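Here are my comments on the structure you asked me to look over, set out as numbered points. Please read them with the sequence and the model side by side.

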Amino acid sequence: EIAHKYGFLFVSIDDHLNVCATEAMEVLAHLKERYNIDEKRIYATGFSMGSGKTWDMFQEYPEVFAGLMPASALFPVKNNNFGKSIGDEGINMSVPVPVFYSGGYKSHLPELPFQAETCFDRLQYVAKVNKLKTTFDVDYADKANWEEEVWGIPGEKVEVLHDNNRDSNMTVHYYESTDGVCRTAFASVDNQVHEYRQHSGETAWKFISQFTR
């Protein structure tokens, strides 16, 4: 519905658990042969394990994407979405990529930094690569005293968006990079477990689609 509303090509990979990031890039190459794709406006998104796949793109092919919208899973840094370690080699440490991430406040799985230390590690990793003014230099063990309950440190801008379909609020923290550009948004949804809703996807698209590579 979002693709039809905003007029972009949406492609979902079947049996994605058996497709690594490199194979996803092969699919993209095939799509370029079939469609007139604007290479400056290629984006990726995914829910749960698909979020892990999207983070793989951030880590392995950052120069390809104009923006990424992972949702509902903050996989450990240096692990691919199969749970396998990929070590230090090949990990993106210097190419910023616009990101809109969202997770459920009531999820039984680790989706937000206050829910698991590995999630907080992912937050610090993105902050480093995207060169945020906020370094998230706080201690996970001291989360009871965080300035901001979910993310540790609030964004320079905070926006609360209501989802009428589920009577829930998405709270979005926007973080600026050192170059003055806001290309990073972290959001939590208060009345949400392990799921990904249209409201979240559309909000993410509105933010990410303003960027080109």
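1. Strand 3 is a good place to begin in this predicted model: V99, Y101 and G103 point one way from the strand, F100, S102 and G104 point the other way, and all of them are buried. Since six of the six residues of strand 3 are buried, the strand is largely enclosed by the rest of the structure.

2. What does strand 3 pair with? On one hand, strand 2 and strand 3 pair in the parallel sense over two bridges, and V99 in strand 3 is the bridge partner of L68. On the other hand, six bridges join strand 3 (residues 99-104) to strand 6 (residues 182-189), and these two strands also run parallel; here V99 stands opposite T184 in strand 6. As background, the strands of a sheet pair through backbone hydrogen bonds, in either a parallel or an antiparallel way.

3. Taken as a whole, the sheet is open and is formed by six strands in the order 1-2-3-6-5-4, with mixed pairing. Strand 1 (43-47) and strand 4 (157-163) stand at the edges and have a single partner strand each, so one side of each is left without a neighbour in the sheet. From one strand to the next, the twist averages 15°.

4. Two helices deserve attention for how they lie against this sheet. Helix 3 (residues 49-60) packs on the sheet and touches strand 1, strand 2 (67-71) and strand 3, while its direction makes about 150° with that of strand 1. Helix 5 (residues 198-208) lies across strand 1, strand 2, strand 3, strand 4, strand 5 (168-176) and strand 6, and it runs at about 165° to strand 3.

5. Is helix 5 largely enclosed or largely open? Nine of its 11 residues are buried, so helix 5 is largely enclosed by the rest of the structure. The buried residues are H199, S200, G201, E202, T203, A204, W205, F207 and I208.

6. Helix 4 (residues 117-129) allows a simple check of geometry: at 1.5 Å a residue, its 13 residues should span 18 Å, and its end C-alpha atoms are 19 Å apart, which agrees. Within helix 4, the buried residues are C119, F120, R122, L123, Y125, V126, A127 and V129, and what covers them includes helix 3 and strand 6. It helps to remember that an α-helix has 3.6 residues a turn, so residues three or four places apart point the same way.

7. The loop between helix 4 and strand 4 should be looked at with care, and K131 is found in that loop. Just after helix 4, K131 takes a positive phi of about 55°, although K131 is not a glycine. F136 is placed in the loop between helix 4 and strand 4 as well, and F136 has a positive phi of about 55° although it, too, is not a glycine. For context, most residues other than glycine have a negative phi.

8. Are K131 and F136 buried or exposed? K131 has 37% relative accessibility and therefore counts as partly exposed, because that class lies between the cut-offs of 20% and 50%. F136, at 0% relative accessibility, counts as buried.

9. Helix 2 (residues 21-34) is where L28 is placed, and L28 counts as buried because its relative accessibility is 10%. Leaving aside neighbours within four places in sequence, L28 is in contact with I42 and V64. L28 and I42 are 14 residues apart along the chain, and their C-alpha atoms are separated by 9.3 Å.

10. Finally, some comments on the protein as a whole, which has five helices and six strands and follows the pattern α-α-β-α-β-β-α-β-β-β-α when read along the sequence. With 213 residues, a compact globule would have a radius of gyration near 17 Å, and the protein has 16 Å, which agrees. Along its principal axes, the C-alpha trace spans about 55 × 45 × 35 Å. Of the 213 residues, 49% count as buried, and among contacts between residues at least 6 apart in sequence, 64% join residues at least 24 apart. The accessible surface comes to about 10,700 Å², of which 49% belongs to carbon and sulfur atoms.

How values were computed. Residues numbered from 1 in each chain as written. Predicted model: local features only at pLDDT ≥ 70, side-chain atom pairs only at ≥ 80, totals over all residues. Heavy atoms only, no water. Pairing = 2+ DSSP bridges. Helix = DSSP H or I, 4+ residues; strand = E, 2+ residues; numbered from the N terminus. Axes fitted to C-alpha atoms, helices over the stretch in contact; angles between N-to-C directions. Contact = heavy atoms within 4.5 Å. Expected span 1.5 Å × (residues − 1). Buried < 20%, exposed > 50% of the residue type's maximum accessible area, 1.4 Å probe, protein only. Rg over C-alpha atoms; globule rule 2.2 N^0.38 Å. Areas by Shrake-Rupley, 256 points an atom, 1.4 Å probe, with all protein chains shown as cover.
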